[in-house]
Amino acid sequence: MTTAAVQERENYLNASYGIKSWLLTKDHKRIALLYLFTITLFFALGGVMASLIRIELLTPQGGLVSSETYNKLFTMHGVIMIFFFLIPSIPAVLGNFLLPLMIGARDLAFPRINLLSWYLLVVGGALALFAMFAGGVDTGWTFYTPYSTSYSNTWVIATALGIFVAGFSSILTGLNFVVTVHRMRAPGMTWFRMPLFVWAHYATALIQILGTPVLAVTLLLIFCERVFHIGIFDPALGGDPVLFQHLFWFYSHPAVYIMILPAMGVISELVSTFSRKPIFGYGFVAFSSMAIAVLGFLVWGHHLFVSTQSVYAGMVFSFLSYFVAIPSAVKVFNWTATLYKGSISFETPMLYAFGFIGLFTIGGLTGLFVASLGIDVHVTDTYFVVAHFHYIMVGGAIMGYLGGLHFWWPKITGRMYPEGWARLSALIIFLGFNLTFFPQFILGYLGMPRRYHVYSPEFQVLHVLSTAGASVLAVGYLLPLIYFTWSLRYGKVAGANPWAATGLEWKTPSPPPVHNFDEIPVVTHGAYDYSTVAGEVMQVG
Amino acid sequence: MTPLFPVQASNFAPEVDHLLFYLLAVSVCFTVVIFAAIFFFAIRYRRKAPGEVPHAVHTGIALEIAWMVIPFGLTMVMFGWGASIFFKESRPPDNAMNIYVVGKQWMWKIQHAEGQREINELHVPVGRPIRLTMTSEDVIHSFFVPAFRTKEDVVPGRYSTTWWTPTKVGKYHLFCAEYCGTKHSGMTGWIYVMEPGDYQAWLNGGRSFGSLAENGEKLFQDLACGNCHKMDGSGRCPTLVGLFGRPVQLATGQTVTADEGYIRESILQPDAKVVAGYQPLMPTFQGLVTEEGVLQLVEYIKSLTPKPGSGTTTTPAEINSETH
């Protein structure tokens, strides 16, 4: 064992000890680990709820839990997975850890605000958990009015407050990233030498800053109507219930891009590293992130095609929605083209990248279906939509997150994960995911509405398939939890650059020293120039 | 037996399915091309020698433009085709049969113009366009008939409409598709599409409640609406004869069309749109009349308007009885 050798060199993990050195840390790398720990707990909780939902749906008559409980389960599953897992996932864990390293900085621009962001997520999460254990909330994660303001007897305010507080965590993280990218790049790190991971996070940060305040306002209005009976959304009080949907989706559609853009950034790094090629069409991939961030703000109305919104508004939103499809397609084509004449190897992160491209392609193409007015009228609020957004948010965002976690695990911990187990779990997750969600496309087109506790018996076979897939998926998610933990102690010691990758984060030891670089690097090449790592390439093979 | 594709039972169903097949064809093509390319490259260019560093391939601008323009063209077909179906769905034909729907937690209440009422069931004749005018007593619901490929939200405080022509006799699912609370999944029912003769027999067979317009007239008298809304226009409020479907000049100078939504609003929030030349004297009837009652009043007011081409009101006797 070479443990002793690793611990001799001071790094961010062994520089100080004790609970205070973690809870009061201003080191972006330690804060990233605080986030990792926090969101893993939320992911586990959201996963338990998903499992209960899937077990319940094994039979059509709804025997396992009551309708009240079922409605609370899918609501809390959505709230936890979206606001307390997916939105913080890649930016707050991998982005936090890597952004300064990738641009050659010693930390984020505002280290104290970075710590505050984590506390805000914890406080928001605690409020949501309080609501859950006090009795739960049953409005759906979408909080549609007037149900949420005038009819639901559950813990709407506490949950909304939790999301409100967590929203500030997201805003501050975005702000920190934007300022860091603008002000803290190392000498020679021009905008077009930045890794695409950084471009993706920059685009994401813009959405976090511009979109999240609208969610905060919307939740405040819910609060005002529910507590003070000020008529905003409830027609019985003189309000307009559809106004809520406009406000809610003005944030919540771009929020999908908060979840998927960072994953796209991860995939760009993985595809380049494991084919030892610069990303084909670097500029197009970088600008496609910005295009998605901007266009994402113009399409919220496609959630309202059957809401009594004007017919002409529906047409405009459908038209604009197709514009978002193009930059997403550009990324997929460029990743594929990057493989051409590459030197491709199949370590676990690359398997996740392949999985991402496959699942995101299906998720993206089915997005074309729901953007088409004629089809969406039939499939909106059915399992077709459920399948579509899980392909994007689970098949896309979580595959990207896990791929990134494997890729940078040696950098974060100084240890390698066990390759065999990791490849196996990537395969299990891919198969389990498809078995869970592909049948739901068919269910949806058949007309099975979403959020149904009891359902018509002819849908049962497809539900059973979906539940079978979910149990496979659960195994796939448990494995990394086990072997990552195992690797902390028993994993092979990782060198500074175990993948022969080109990023600046690989130019510093694993785990990195507290101040990231002993000497701030001077950048002289583009992001994916493999001539700069010729030495590592010979070592890695 | 598990079905894999829903039955087609309305005029829209084949149209939506054809568009689906186009989208499926495009999607399958792209999926096959992308997956095939990835598999081919992954095998052909797998790492063969350790320490291999391939030559960089430079960006091809023409290629980038091609794979932006071609997909964009294909998506514009999806847009145009989908929008044309949607536009048709939003324009009920003039000869459509009117049926009224009120959603509430957790049931569908349906009134036919002839007076028949049903709960969680809707009987309609095959081959006739049906127009539903819908509202909700509480939260948002959504009227979804998978076999017809149509869905429209049912929103409190306003009327929404949807229409279709059933093309196949049978019994089809009616689902509430917008989450509406505890028993959302129990807010389901059946659409019975019948041969016209069977439908007529069904209409005659039920208990008669009087037609919707007749019930509306009774309500009109009970609420003493005629005291002010005199038929000859001599009252303190505008006459309602010939009102429906006509433009109305408001005190603000705006002009609105007197449709179902306008009449509903004028009953429940009379001050919202005051007719030019009249005082805002009318009290609100919010709470005094149910959504179903409002629909009956709407149908009665509609009956005071001559049908296009007929030249007379449908119930002149009723007008006489009102004015005297």
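In this predicted model, helix α4 of chain A (residues 67-103) packs against helix α8 of the same chain A (residues 196-228), with the two axes 10 Å apart and an angle of about 125 degrees between them. That angle is why α4(A) counts as oblique to α8(A). As for handedness, α4(A) goes past α8(A) in a left-handed crossing. On the α4(A) side, the contact is built from Pro91(A), Gly95(A), Leu98(A), Leu99(A), Met102(A) and Ile103(A). Facing them from α8(A) are Phe197(A), Val198(A), His201(A) and Thr204(A). Sorted by class, the residues where α4(A) meets α8(A) come out as seven nonpolar and three polar, with no charged residue in the set.

Chain B has a helix pair of its own to look at. Helix α5 (residues 260-268) and helix α6 (residues 291-303) of chain B cross at roughly 120 degrees, and their axes come within 10 Å. Here too the angle makes the arrangement oblique, α5(B) relative to α6(B). The crossing of α5(B) past α6(B) is right-handed. From α5(B), the residues involved are Glu260(B), Ile263(B), Arg264(B) and Ile267(B). They meet Val294(B), Leu297(B), Val298(B) and Ile301(B) of α6(B). The tally for this contact between α5(B) and α6(B) is six nonpolar and two charged residues, with no polar ones.

Turning to the sheets of chain B, one is an open, five-stranded sheet with mixed pairing, and its strands run in the order β4-β10-β9-β6-β7. β4 (121-125) and β7 of chain B sit at the edges with a single partner strand each, so each has one side with no neighbour in the sheet. On average, and ignoring direction, neighbouring strands of this sheet are turned by 20 degrees against each other. Going through the pairs from the β4(B) edge, β4(B) and strand β10 (residues 188-194) of chain B run parallel and are joined by five bridges. Within β10(B), Tyr192(B) is the residue opposite His123(B). β10(B) also pairs with β9(B), this time in the antiparallel sense and over six bridges. In that part of the sheet, Thr188(B) of β10(B) stands opposite Phe175(B). β9(B) in turn pairs with β6(B), again antiparallel, over two bridges. Phe175(B) turns up here as well, as the bridge partner in β9(B) of Phe144(B).

A second open sheet in chain B is also made of five strands with mixed pairing, in the order β3-β2-β1-β5-β8. Its edges are taken by β3 (117-119) and β8 (160-164) of chain B; each has a single partner strand, so one side of each goes without a neighbour in the sheet. The average turn between neighbouring strands, direction ignored, is 25 degrees in this sheet. Six bridges hold β1(B) and β2(B) together as an antiparallel pair. Among the residues of this sheet, Tyr100(B) has Gln111(B) of β2(B) as its bridge partner.

Strands of chain B also matter for how its domains meet. The chain splits into domain 1 (1-41 + 60-209) and domain 2 (212-323), and the C-alpha centres of these two domains of chain B are 32 Å apart. Where they touch, twelve residues of domain 1 of chain B contact nine residues of domain 2 of chain B. On the domain 1 side, β1 (97-104), β2 (107-112) and β5 (130-136) of chain B each contribute at least two residues. That side of domain 1 of chain B is made up of five nonpolar, four polar and three charged residues.

Finally, there is the interface between the chains, in which 74 residues of chain B contact 75 residues of chain A. On the chain B side, the elements that put in two or more residues are the helices α1 (12-44) and α2 (61-89) together with the strands β6 (141-145), β7 (150-154) and β9 (170-176). The biggest share comes from α2(B), which gives 16 residues to the side touching chain A. In terms of class, the side of chain B that touches chain A holds 42 nonpolar, 18 polar and 14 charged residues.

Definitions and conventions. Residues numbered from 1 in each chain as written. Chains lettered and ligands numbered in written order. Predicted model: local features only at pLDDT ≥ 70, side-chain atom pairs only at ≥ 80, totals over all residues. Domains from an automatic or database assignment. Contact = placed C-beta atoms within 7 Å. Helix = DSSP H or I, 4+ residues; strand = E, 2+ residues; numbered from the N terminus. Nonpolar A, V, L, I, M, F, W, Y, C, P; charged D, E, K, R; others polar. Axes fitted to C-alpha atoms, helices over the stretch in contact; angles between N-to-C directions. Parallel < 35°, antiparallel > 145°, perpendicular 65-115°, else oblique. Left-handed = near helix turned anticlockwise from the far one by under 90°. Pairing = 2+ DSSP bridges.
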